[in-house]
2 protein chains.
Amino acid sequence: MKSVTVYDIAREANVSVATVSRVLNNTAPVKASTRERILGLIQKHQFQPNALARSLIKKETGMIGIILPDITNPFFPEVLAGLEQEARNNGYTFFLCDTGSSNQDIKAQYQRESQYLNILMEKQVDGIIMIGGRIDLARCSKEMAKEVAEVNKRLPVVLINGNLPGAKFHRVIIDEVAGGVLATEHLIGLGHKDIAFVGGYKQMSNTVQRLEGYTKAMQQAGLPIREDWIITGGFTVEAGKVFMNELLSTEGARPTAIVCANDLSAIGAIKSAVKHGLRVPEDMSIIGFDDIPLAANVIPELTTISLKCLELGRTAAHILHQLIGKNSIDTLTVLQPELVVRESTAPLSVNVIKMADYLSSQG
Amino acid sequence: MKSVTVYDIAREANVSVATVSRVLNNTAPVKASTRERILGLIQKHQFQPNALARSLIKKETGMIGIILPDITNPFFPEVLAGLEQEARNNGYTFFLCDTGSSNQDIKAQYQRESQYLNILMEKQVDGIIMIGGRIDLARCSKEMAKEVAEVNKRLPVVLINGNLPGAKFHRVIIDEVAGGVLATEHLIGLGHKDIAFVGGYKQMSNTVQRLEGYTKAMQQAGLPIREDWIITGGFTVEAGKVFMNELLSTEGARPTAIVCANDLSAIGAIKSAVKHGLRVPEDMSIIGFDDIPLAANVIPELTTISLKCLELGRTAAHILHQLIGKNSIDTLTVLQPELVVRESTAPLSVNVIKMADYLSSQG
DNA sequence: CTGAAAGCGCTAACAT
DNA sequence: ATGTTAGCGCTTTCAG
């Protein structure tokens, strides 16, 4: 089925294609009567201008690509929602490029990132947003970083919550260290002294930074840091369970509170604690990181550090839009995290009281 | 910055653009030596063919659009992951079109659907997948349905878990009625007789069908259906809480088990039950619907009906690919739901025993 | 095996 | 206010 073009409309309206184009784009005055006639024909034929042809000549597509590691991780849809919200108003459409980290093979994931980077360039997107994946690496290889730098020479790239060595990128990040401090100080303020840190990956900068915040707060409070109470190796619920099991199965002192590297691992930690017969928060305080929607919906509701996903997304979209419009804009935007107190943390004193109750009942 | 084109490569290689195109597409034999030369230049200049120009002439873009109501609802990312998995291998890229139902205004949402439908056509996507939104309506307006039908005349559309009146669409669905039966029979098999149905919207076909399954199973078991134990009005956690509160705050008999229209409302129901001092599943069995990843991670883990999101996505992508390739394929694909038993449901007898314990402890 | 030339559908000078 | 024409960057006959 032959699709209708500006020529078809022009012919039937007895005008030139230029005139049709003019009414299509409001790019020059057109006599009201002819404009009506053309509009009528457009309506009649359900004519829709071919965006490819238009973009080919205008050198802008109104498309932006977003590369992320796993759409199934609730953190990302949240950021995406922020992006869409902001970008929709500016007439952009999104290419979603999920590099599918869920299928473990990390090599394949980075490869897919490279692949998508190329595809997006070929498709002539106006800009690219990256989140997760290689930009989260504490030490990203020179080649992988350079690849992105090359892309960035040709079109605007903005990094969310990450960075790459060897070049300056536009990026919007959350102050992770501050988040770590916030979480730990909350626990300390509750009277806890025996605080563990659990989850994340030591190779990832977010984990390193959150851990740095934890360390900072502990030291500032004059509290000791036990290396065996710092356990990393994953961001999943499953990982959280494993770490907590480890913490609880060793003999000797146990922490009374846990800072988790993210909400998912916090949920795992809670599940494990409950399985071990502990009550959260009465016997054990647990704080997460991210504030995914789920955090407010688990039982008990998770106390956590909000990364302001929506704002992260909106800001990134805003910056990219400015970049595309060739407006100058700050290279770095830092958002401050926020403590969200819910039900999974409680004063240490509660423990003490409970313990006293317990002892007297055994009387 | 002038981007390099086939002409630049051709000139420098002392060949015609045709030859460059040929090595780019492997569309005709090229002398090994010239091929090497061209490949070298491509490498040297980091040349990337402009996909817009190519698509303009080939009339295919390798882009497919996916229209969904809310990426923030964990059900959709799951389906998306399935889509990506399948479509990536076939060289497709995705336009993500989130119509943002989260901003309540339902009218605006349908408008945005129409808008995206147009944008996608202008961008010349090879096909469109729709999920949620108007296609979930039990009675969608003629105009809104026709709009999609018109699109479907121009390019392949596949509907996931929905339908539209007045035209036959390719679609892949889950047998919702069977799901409702499955959930209810599970509860009945556990000895429950007083079973409520909670959540969803009466205007939506999925709710109607799940409810139909519930009714069917209840009748088949000879159990009475109480109209005041069927409460609809939302799919969110918040809605689930409200409905459960309603159920628990009325005097008189209470149900001992609840079929929820989806996992989110089931979680809300659990939270409310717990707040009311009930234990799940000991005092109250609750079953969800969807099997979002979260379902396995709440406490207690949710017994639910799996809608096989991943498979839904993969199948839809497969069908769309066939359609794009002009291969014939069944109009309707029905997937069977699956009962996933976890921790939120238990035999009624447990209740009875507990009750007995309680009474005897009261001396 | 390779080149010349005709478009794909649209926009944008440049004329009129 | 409107028409003519030259491309945007690529693929694809049709010749050779």
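In this predicted model, strand 2 (residues 93-98) of chain A is joined to strand 2 of chain B by three bridges, and the two strands run antiparallel. A handy residue pair for finding this spot on screen is A:Phe94, whose bridge partner in strand 2 of chain B is B:Leu96.

The strand pairing is one part of a broader interface, in which 41 residues of chain B are in contact with 41 residues of chain A. On the chain B side, at least two residues each come from helix 4 (51-58), helix 5 (75-89), strand 2 (93-98), helix 6 (106-122) and helix 11 (263-275). Helix 5 of chain B gives the most to this side, with six residues. Sorted by class, the side of chain B that touches chain A holds 23 nonpolar, eleven polar and seven charged residues.

Helix 4 also meets its counterpart across the interface. Helix 4 (residues 51-58) of chain A packs against helix 4 of chain B at an angle of about 145°, and the axes of the two helices are 9 Å apart. The crossing of helix 4 of chain A with helix 4 of chain B is left-handed. From chain A, the helix 4 residues A:Leu52, A:Ala53, A:Ser55 and A:Leu56 take part, and they meet B:Leu52, B:Ala53, B:Ser55 and B:Leu56 in helix 4 of chain B. Six of the residues in this helix 4 contact are nonpolar and two are polar, while none is charged.

How the two chains relate to each other can be stated simply. A turn of 180° with a shift of 0.1 Å along the axis lays chain B on chain A with an RMSD of 0.1 Å. That is the relation of a two-fold axis. Within chain B, B:Phe95 has the C-alpha nearest this axis, at 2.4 Å from it. Both copies use the same surface, as 100% of the contact residues of chain B recur in chain A.

Turning to the DNA, 28 residues lie around DNA strand D, and those that come nearest are A:Val15, A:Ala18, A:Pro29, B:Thr5 and B:Ala53. Helix 2 (17-25) and helix 4 of chain A, along with helix 2 (17-25) and helix 4 of chain B, each supply at least two residues of the surface near DNA strand D. That surface is made up of 16 nonpolar, nine polar and three charged residues.

DNA strand C likewise has 28 residues around it, of which A:Thr5, A:Ala53, B:Ala18, B:Pro29 and B:Lys31 come nearest. Here, too, two or more residues are given by each of helix 2 and helix 4 of chain A and helix 2 and helix 4 of chain B. The surface near DNA strand C divides into 16 nonpolar, nine polar and three charged residues.

Chain A also contains an open sheet of four strands, which are paired in parallel in the order 7-6-8-9. Strand 7 (230-231) and strand 9 (285-287) of chain A each have a single partner strand and stand at the edges, so one side of each has no neighbour in the sheet. Strand 9 of chain A is joined to strand 8 (residues 257-260) of chain A by three bridges, with the strands running parallel; within this pairing, A:Val259 has A:Ile287 in strand 9 as its bridge partner. Helix 10 (residues 237-249) of chain A packs on the sheet and touches strand 6 (195-198), strand 7 and strand 8 of chain A. The direction of helix 10 makes about 145° with that of strand 6 of chain A.

Key: Residues numbered from 1 in each chain as written. Chains lettered and ligands numbered in written order. Predicted model: local features only at pLDDT ≥ 70, side-chain atom pairs only at ≥ 80, totals over all residues. Contact = placed C-beta atoms within 7 Å. Nonpolar A, V, L, I, M, F, W, Y, C, P; charged D, E, K, R; others polar. Pairing = 2+ DSSP bridges. Axes fitted to C-alpha atoms, helices over the stretch in contact; angles between N-to-C directions. Left-handed = near helix turned anticlockwise from the far one by under 90°. Near = placed C-beta within 6 Å. Least-squares fit on C-alpha atoms with pLDDT ≥ 70 in both.
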